[in-house]
Each structure stands twice: as C-alpha cells, then as structure tokens.
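Colleague: I have a few minutes before my next job finishes. Could you walk me through this model?

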Amino acid sequence: KFEEASKYWNVLTNNTFMFKRLQLIADEVEKIEKKEVLDFYDEFVKKGASSRRKMGVQVFAKQHMEKFAEEVAEGEILMESASEFKRTTPLFGLPPAVDLE
C-alpha cells in the first residue's frame, strides 16, 4: 500500500493530477509499429542523423551554487528544475502545470 500511496502523492505534489499516466503511456506504446521505431532511430539517434541533438547535464551541490550563477553560453538553455524540462520535451512531456489559485 505504501508504494501506491507514494505514487499518488507524487502526482498530487507535481500538480499533474494524471493518476493513470503509466497506463496512458502503455496504451500509446502498444500503438507503435516497428517501422516507426526504426524511422525515429534513423532521424534522431543514428550518428549523423539530421535531427540528432546532444544534452549535457551539470548538477551543483549547495556549496557550489556560485557556478550556477555563471552566464549561460549562446545556444545553451538553462533548466532550473526537472519538471520544467519534462514539460518542454515532447518525448516524455508532462502536461502543463495546473494553477490551483
């Protein structure tokens, strides 16, 4: 019961209110065909693919937060939270945050 309660609590605290998210993902995955996976690989993953991108991640401990304040280089994007990143990516996106106020 603790695992189930923890799962629901997480849904409540991140304000998505999508209690059936895993089932919805599973339903969508069942619709994917082999050709779609191969086409995706060729376009986004394969070395030299036209839409391939890289992502670098830096994590700073509190005692090193001065590094976090450094200017972001051109062409780079600063994401301050994992939820913010997930809401901007179409592959594993979260629904828009719900404003409860």
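Modeller: Gladly; a helix here is a DSSP run of H or I with at least four residues, and a strand is a run of E with at least two. Please keep in mind that this is a predicted model.

Colleague: OK, how many helices and strands does the protein chain have?

Modeller: The protein chain has 5 helices and 0 strands, and from the N terminus on its elements read α-α-α-α-α.

Colleague: Where is confidence lowest, and where is it highest?

Modeller: The lowest mean, 72, belongs to helix H4 (residues 65-68), whereas helix H3 (residues 34-45) has the highest, at 92. For the protein chain the mean pLDDT is 78, with 85% of the residues at 70 or more. Where pLDDT is low, the predicted coordinates should not be read in detail.

Colleague: Switching to packing, what share of the residues is buried?

Modeller: Of the 101 residues in the protein chain, 5% count as buried, and among contacts with a separation of 6 or more, 24% are between residues 24 or more positions apart. The accessible surface is about 9700 Å², and carbon and sulfur atoms hold 56% of that.

Colleague: Which residues make the nonpolar surface patch?

Modeller: Tyr-8, Trp-9, Leu-12, Phe-17 and Phe-19 make the patch, which covers about 490 Å². Of these, Tyr-8 sits in helix H1 (residues 2-13).

Colleague: And why can Tyr-8 be part of a surface patch?

Modeller: Patch residues need over 30% relative accessible area and no salt bridge, and Tyr-8 meets the area requirement because its relative accessible area is 31%, which makes Tyr-8 partly exposed.

Conventions:
Residues numbered from 1 in each chain as written. Predicted model: local features only at pLDDT ≥ 70, side-chain atom pairs only at ≥ 80, totals over all residues. Heavy atoms only, no water. Buried < 20%, exposed > 50% of the residue type's maximum accessible area, 1.4 Å probe, protein only. Contact = heavy atoms within 4.5 Å. Areas by Shrake-Rupley, 256 points an atom, 1.4 Å probe, with all protein chains shown as cover. Patch = residues over 30% accessible without salt bridge, like charges linked within 9 Å, V, L, I, M, F, W, Y side chains within 5 Å. Salt bridge = Lys/Arg side-chain N within 4 Å of Asp/Glu carboxyl O. pLDDT = per-residue confidence, 0-100.
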